[in-house]
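The following exercises concern helix packing and aromatic side chains. Please work through each task before reading its solution.

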Amino acid sequence: MSEMSRRSFVSLATLASAAVPLVGWSRLAAADTAAPPVREKVLINYNENPLGPSPKAVAAMQRGAALSGRYHFEYQEQLIELFARQHGLPKDHVHAFCGSSEPLQYAVMAFTGPRSLVLANPSYEAAMVAAKAKGAPVHEVPLDASHAHDIPAMLAADSQAGLIYICNPNNPTGTVTARERIEFAIANRPKGSVVMIDEAYIHLSNEKSCLDLAAQHDDVLVLQTFSKLYGMAGARLGFAVGKPDLLAKLEVFGGENAIPVAAMLGGMASLEDRQLVAQRRKENAATRDETLAWLRQRGFACTASQGNCFMVDTGHPGQQVIAALARRNIVIGRTWPAWPTWVRVSVGLPNEMKAFREAFVAVLKDPTALAGFTPLERQGGQLAQLA
């Protein structure tokens with residue numbers, strides 16, 4: 001269980017049998033004036049958006065709840081058509097799923113086996129967990145000096161790679177791999193391999209999406225989700241974009257699954273709110289960059305994040321720092337084995353990040369604060385490898 005990530009938890013049991021097919025924050029704008037309720041704990045651990053769905057999405061989801069006695073596949077068509085139209089894509093290049101976890105794991109099932117998975121380290125491990133459950137080879141390639149994906153090293157990892165996974169911006173670092181590097185990966189990938197670009201955090205960054213590359217190339221998949229900027233993590237809604245023949249290879253594992261009606265209506269309301277992305281990106285960046293500047297001024301190394309999470313080097317075993325902060329009701333993210341002294345921190349509301357900063361320095365200034373903690377104590381005993 002310690003190797004399990006949140007998005008892979010639900011389907012890992014099925015993946016284990018490869019022979020069985022898988023079925024603003026400092027100033028909220030007028031549309032977001034309802035602040036979330038005050039929590040006893042500061043929860044900045046799962047890269048969730050503390051604002052939740054926009055008010056327009058909430059209203060649409062409430063309407064969807066009343067319609068949930070039936071499947072309403074017509075809304076799925078409308079959702080796909082809206083997304084495709086907004087991004088200049090043919091609608092048969094877009095498929096909707098219950099989150100972006102489903103197509104991510106289906107791609108592992110479809111394109112690895114005797115052929116390997118190649119991914120960065122540290123990065124989001126759901127693809128790796130799925131590949132290992134299937135028994136496929138996995139090659140983890142360290143990030144480069146700027147904490148971006150080391151594309152040449154990834155391409156050199158295996159001449160028989162089946163799937164090259166690029167999380168951009170990356171989770172847990174929040175760092176961006178430049179589009180020209182991704183284009184280089186596509187142009188120079190091993191013959192027969194698929195490049196999958198996970199854009200769960202793309203809306204929070206200034207980087208251009210690679211959706212157009214999925215429409216141009218036969219072996220490129222791009223994933224997007226409503227879980228992050230749109231604040232719909234619990235609603236489970238996402239897209240896979242690629243050529244129809246490529247999407248068909250995913251759909252055999254669960255392409256006929258119905259999507260919750262409330263999620264689809266909330267998704268359409270979010271897409272139609274054309275100010276939402278820019279508004280939330282700006283507010284997230286202001287809070288994130290303020291926190292990063294504050295930490296760097298005090299001598300802490302941090303990743304150059306463009307997402308809603310970042311990593312900071314504590315200079316101590318990260319699991320002990322996590323546990324000490326949890327004792328102060330500050331619940332942050334986890335560590336990655338490759339970077340044991342670094343911890344991931346999600347971006348919360350300004351007052352939540354202020355509380356984090358105060359607790360973080362207090363813990364690291366007190367030599368007794370980290371004493372006596374074991375890895376099992378952190379985050380109140382919650383699973384180690386979530387999100």
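**Exercise 1.** In this predicted model, at roughly what angle do the axes of helix 5 and helix 6 cross?

*Solution.* Begin with the segments: helix 5 covers residues 101–111 and helix 6 covers residues 126–134. Their axes come within 9 Å and cross at roughly 40 degrees. Next, assign the handedness: the crossing of helix 5 with helix 6 is right-handed. Finally, list the contacts: helix 5 contributes Leu104, Gln105, Val108 and Met109, which meet Ala126, Ala127, Ala130, Ala131 and Lys134 of helix 6. The residues of this contact comprise seven nonpolar, one polar and one charged.

**Exercise 2.** Classify the ring pair of Phe226 and Tyr230, and state whether each residue is buried or exposed.

*Solution.* The structure holds nine aromatic pairs. In the pair of Phe226 and Tyr230, the ring centres are 5.0 Å apart and the planes stand at 40 degrees, so the pair is tilted. Phe226 has a relative accessible area of 2% and is therefore buried; Tyr230, at 6%, also counts as buried. Ring pairs join these two residues with Phe83 and Phe239 in a cluster.

**Exercise 3.** Repeat the analysis for Phe356 and Phe360.

*Solution.* The ring centres of Phe356 and Phe360 are 5.3 Å apart, with planes at 40 degrees, so this pair is tilted. Both residues belong to helix 14 (residues 350–365), four residues apart, or about one turn of the helix. Phe356 is buried at 0% relative accessible area, and Phe360 is likewise buried at 0%.

Methods:
Residues are numbered from 1 along each chain as its sequence is written. This is a predicted model: local features need pLDDT of at least 70, side-chain atom pairs count only at pLDDT 80 or more; totals for chains, interfaces and linings use all residues. Side-chain values use heavy atoms; hydrogens and water are left out. Axes are lines fitted to C-alpha atoms, for helices over the stretch in contact, and angles run from 0 to 180 degrees between N-to-C directions. Helices (H or I, at least four residues) and strands (E, at least two) are DSSP runs, numbered from the N terminus. A crossing is left-handed if the near helix is turned anticlockwise from the far one by less than a right angle, and right-handed if clockwise. Contact means heavy atoms within 4.5 Å. Ala, Val, Leu, Ile, Met, Phe, Trp, Tyr, Cys and Pro count as nonpolar, Asp, Glu, Lys and Arg as charged, and the others, Gly among them, as polar. Rings of Phe, Tyr and Trp (its six-membered ring) pair if their centres lie within 6.5 Å; planes under 30 degrees apart count as stacked, over 60 as edge-to-face and the rest as tilted. Buried means under 20% relative accessible area, exposed over 50%, partly exposed in between (1.4 Å probe, protein chains only).
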